[in-house]
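Good morning, and thank you for the time on today's agenda. I would like to walk through one structure with you and look at how some of its charged side chains are paired.

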Amino acid sequence: MSSTNRLVSPIAVYYIAVAILLALFFEVWRGITLFALFDRASAIPASTITGSFLVGLRFDFAIACYITLPLMLLGFLPFVDVTRSKLSRVVNTALLYLAAATAFFIHLADIEFFKFFNTRLNAMALEWSDSSEFIQSMIWESFPVVRYLLLFALVSVGFVFAVRFLQKRILRNARPSSFLATLISLPILAAILLLGIRGRIEEKAPLNWGQAYFSDHAFANLLALNPVFTFGRDLLYDSGSKHDVDRLMSELPVTDVYAKTAALLGLPAAPDDTLSSRIVRPVRFEPASSERPNVILILMESFASAGVSCLQPRVEQKLTPYFDSLSQHGVLFTDFYSAGMHTYAGILGSLYGYPSVPGKSPMKQVTSQDNMSGLPSILGGYGYRTMFFTTHDPHFDNMHGFLKSNGMQEIYSLFDFDESQKLSTLGVPDHVMFDSALERIRSSNGRPFFAALLSGTNHGPWFVPDVPFGPVSDTIPDAKRLNAFKYSDWALGQFVNQIMSEPSLSNTIVLITGDHGLLIDPIYDLDLSLFQVPLLILDKQNRAGESRRIHHIGSQVDIVATVMGLLKLDYDNYTFGHDLFTPDPSGQDYAIFSEGYQIGIVQHNHFAILRPGQKNSLYDIDAPKIDRVSENPGLMAELSDRALSYFQTAYFNLKYPLHLNHLVHSSNEEK
């Protein structure tokens with residue numbers, strides 16, 4: 001380094017160069033993967049394939065930063081400074097080669113995995129690790145292993161020469177970093193690498209696999225992913241929790257799991273030869289409808305029944321005059337429950353009919369790509385235009401990637417609005433999103449559409465816009481939160497009234513529910529206010545019958561089957577729900593939900609809380625403060641069996657893609 005550059009540390013320059021070099025070599029692997037699967041790209045525009053490389057660079061640089069950051073911190077240490085000590089440089093370089101070789105081997109293994117499973121490498125590759133000898137023999141006999149190893153060696157040697165070139169140009173003749181240069185360069189370099197790891201500057205969510213879904217071509221989206229990212233994410237994402245949940249689900253003291261779940265869902269009993277058996281029942285209508293009504297599903301943020309005036313509110317203020325008015329013109333389910341207490345649970349339950357299994361969000365797990373059958377994919381198959389609207393960052397909870405990979409064609413969010421319209425971290429106000437959604441809905445020009453809308457304002461920090469919604473007095477305790485609830489009702493009313501009054505949208509079914517409830521005056525540790533939400537169905541064609549209230553228990557997982565029942569369109573039902581307008585197949589109305597490792601089940605007037613490994617509780621809803629588990633052990637055992645088999649079946653269903661069920665069975669037979 002010359003005297004004019006003494007404030008720039010050569011170590012910093014070197015490690016930035018290493019991160020860039022790694023990212024470029026990952027791009028080389030992407031090119032190799034494209035070559036190996038070129039037949040799948042033949043119908044995709046070259047500009048889209050180019051986009052795969054550009055979008056993929058963000059994932060590549062993130063993995064490069066993960067590798068480089070610890071090496072950089074080690075290389076800057078005073079006693080092992082790589083510009084001062086040859087031994088330190090050798091050790092540091094050896095660690096770099098080892099990390100790069102591991103990453104390159106993952107890319108190599110991904111090629112055939114991608115070919116066979118049509119997804120990037122993930123933890124499913126380890127699913128048959130207990131049959132390692134069989135798997136090794138199969139790999140050796142099925143694939144050109146020698147040629148692949150030669151390819152791996154060629155790329156690895158090329159990387160070694162490139163690193164040696166960088167070291168020769170940057171490190172070997174460089175002066176040791178001065179204290180001032182280190183003081184300046186180290187935090188800047190660390191910030192760059194940490195930002196690279198995070199992958200994006202938006203405030204709500206870091207890089208997730210959903211950011212790869214940039215086009216309408218599934219192969220191009222998958223090509224943009226880095227298999228080190230997908231494998232590491234799936235293997236390490238909340239690894240302790242995943243391991244705990246897997247062990248918990250495998251060890252639950254429930255027998256005849258599939259048979260018990262089948263009884264709940266009205267499926268024919270079948271031998272429980274594997275916990276991963278897919279639940280599915282073909283639903284056919286005689287006659288099937290030739291109509292294609294529009295469907296709008298509105299998920300209102302934190303729209304708890306405890307705050308809805310026409311139900312049984314736990315607040316004195318009348319917060320929902322517009323919803324109350326709408327309920328007079330539709331079918332209102334008064335004893336309805338969300339699948340969980342987070343937005344992702346509401347999306348998974350309402351759009352795909354799946355419970356929120358214990359542990360972390362399934363929407364973030366790599367194995368949820370192209371693995372869910374729900375309203376977006378079913379209606380898309382019938383020619384519907386499928387759209388999702390939200391007020392805020394679409395990548396929060398990996399919504400964008402999950403929805404795009406599971407049938408949602410268009411997603412509109414914070415990034416489709418002017419920055420000046422943003423109100424808070426929750427994005428734009430609800431009414432702004434609703435107005436934008438109405439414009440796009442009108443643009444369908446007669447094509448049937450399915451639109452899912454997720455509001456956001458009724459959530460902390462509870463900022464509301466200056467609109468005439470009739471706020472409660474600031475002197476009322478918790479006025480800020482109550483006003484957010486009341487404003488969201490006002491925004492909902494403006495939107496739905498326009499939909500219902502517009503002649504071109506007369507053939508539209510509107511469903512309104514909450515994504516989850518809101519803790520209000522809690523009674524239990526797993527309080528029902530967090531899960532009780534209304535479900536209102538509005539339809540000018542009265543497909544659901546005359547306006548009325550229905551008091552039997554329902555759940556978000558029932559929405560898919562209920563919508564398809566109203567549409568009378570044939571489909572295969574992979575959900576855990578049933579049509580709310582037909583008798584429950586189990587003969588007993590129930591709702592099951594979870595939060596973390598706690599599971600709740602409501603049946604008739606009973607509410608059971610299951611805490612695996614701890615004491616369970618059983619309450620009569622009419623006498624909520626008395627735990628009756630010791631008085632009625634038989635009922636507790638029945639509800640526990642029902643809920644645990646339900647979640648156990650759901651959990652193992654999610655582990656395997658829809659089209660791989662035969663592989664699971666084959667593997668079990670081999671074992």
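With which residue does glutamate 27 form a salt bridge? The partner is arginine 30, and the closest N and O atoms of the two are 2.3 Å apart. Please keep in mind throughout that this is a predicted model.

Let us place this pair. Glutamate 27 and arginine 30 both belong to helix α1, which covers residues 10-36, and because they are three residues apart there, about one helical turn separates them. Are these two residues buried or exposed? Glutamate 27 has a relative accessible area of 15%, which means that it is buried, since the cut-off for that word is under 20%. Arginine 30 is also buried, with a relative accessibility of 2%.

I turn now to a second pair. Arginine 284 forms a salt bridge with aspartate 572, and here the closest N and O atoms are 3.1 Å apart. Arginine 284 sits in the loop between β1 (281-283) and β2 (294-300), whereas aspartate 572 is in strand β12 (residues 571-573); the pair therefore ties together parts that are 288 residues apart in sequence. Arginine 284 is partly exposed at 46% relative accessible area, and aspartate 572 is partly exposed at 33%.

The third pair is lysine 615 with aspartate 627, whose closest N and O atoms are 2.8 Å apart. Twelve residues separate them: lysine 615 lies in the loop between β15 (606-610) and β16 (617-620), and aspartate 627 in the loop between β16 and α18 (633-654). Lysine 615 is exposed, at 52% relative accessibility, while aspartate 627 is partly exposed, at 26%.

Why can such pairs arise? Side chains of opposite charge can pair when their charged atoms come close. Pairs may also share partners: Glu27, Arg30 and Asp60 are joined by salt bridges into one network.

Finally, let us set these pairs against the whole chain. How many salt bridges does the structure hold? There are 15. The protein chain contains 19 helices and 16 strands, and of its 671 residues, 57% are buried. Among contacts between residues at least 6 apart in sequence, 75% join residues at least 24 apart. The accessible surface of the protein chain is about 27,600 Å², and carbon and sulfur atoms account for 59% of that area.

Thank you for your attention.

Methods:
Residues are numbered from 1 along each chain as its sequence is written. This is a predicted model: local features need pLDDT of at least 70, side-chain atom pairs count only at pLDDT 80 or more; totals for chains, interfaces and linings use all residues. Side-chain values use heavy atoms; hydrogens and water are left out. Helices (H or I, at least four residues) and strands (E, at least two) are DSSP runs, numbered from the N terminus. Buried means under 20% relative accessible area, exposed over 50%, partly exposed in between (1.4 Å probe, protein chains only). Contact means heavy atoms within 4.5 Å. Accessible areas come from the Shrake-Rupley method with a 1.4 Å probe; for residues, only the protein chains shown count as cover. A salt bridge is a side-chain nitrogen of Lys or Arg within 4 Å of a carboxyl oxygen of Asp or Glu.
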